[in-house]
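Reader: Before I rely on any of the labels used for this protein, I would like to see how each one is reached. Could you take me through the reasoning?

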Amino acid sequence: MISFTHWVVTENGRIQARMESPFYLRRPYDLFALLDQETRRNDINSLYKDLITRKSLIDKKWSGVEGASDVETRVYTQDPDCLKAGMLLTLI
């Protein structure tokens, strides 16, 4: 994370942390929250990496599902029982 994306200069010239930043402190007087910022940032980074990994797995599985819809058509056109019946067995 780059620190300059977490701070903004207000119209009054004050420098403030952005609310969506992991470095934003709801209670700026809380020393433990200040000391825990790095842990919170590391947790966010690991969650983000986990979500990216899950997304790629879902995308791979989804591409397999999209290709599986063609399997049904191939089975119906090549299956000897379907060809003998002259129609889909699910319609009988």
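**Labels and their grounds**

Author: In this predicted model, residues 24 or more positions apart account for 7% of the contacts in the protein chain with a separation of 6 or more. Buried residues make up 10% of the 92 residues in the chain, and the elements run β-β-α-α-α from the N terminus on.

Reader: Why is the pairing of R54 with D50 called a salt bridge?

Author: The closest N and O atoms of R54 and D50 are 3.3 Å apart, and a salt bridge requires a side-chain nitrogen of Lys or Arg within 4 Å of a carboxyl oxygen of Asp or Glu, so the pair qualifies. R54 and D50 are separated by about one helical turn because they stand four residues apart in helix α2 (residues 37-78).

Reader: What makes D50 partly exposed?

Author: The relative accessibility of D50 is 32%, and partly exposed covers the range between under 20%, which is buried, and over 50%, which is exposed; D50 therefore counts as partly exposed.

Reader: How do you know that D59 and K55 form a salt bridge?

Author: Their side chains meet at 3.0 Å, N to O, which is within the 4 Å limit, and so the label applies. D59 and K55 both lie in helix α2, four residues apart.

Reader: Why can L34 be part of a nonpolar surface patch?

Author: L34, in helix α1 (residues 31-35), has a relative accessible area of 42%, and because patch residues need over 30%, L34 passes that cut-off. With L31, F32 and L35, L34 forms a patch of about 470 Å² of accessible area together.

Conventions: Residues numbered from 1 in each chain as written. Predicted model: local features only at pLDDT ≥ 70, side-chain atom pairs only at ≥ 80, totals over all residues. Heavy atoms only, no water. Patch = residues over 30% accessible without salt bridge, like charges linked within 9 Å, V, L, I, M, F, W, Y side chains within 5 Å. Areas by Shrake-Rupley, 256 points an atom, 1.4 Å probe, with all protein chains shown as cover. Helix = DSSP H or I, 4+ residues; strand = E, 2+ residues; numbered from the N terminus. Buried < 20%, exposed > 50% of the residue type's maximum accessible area, 1.4 Å probe, protein only. Contact = heavy atoms within 4.5 Å.
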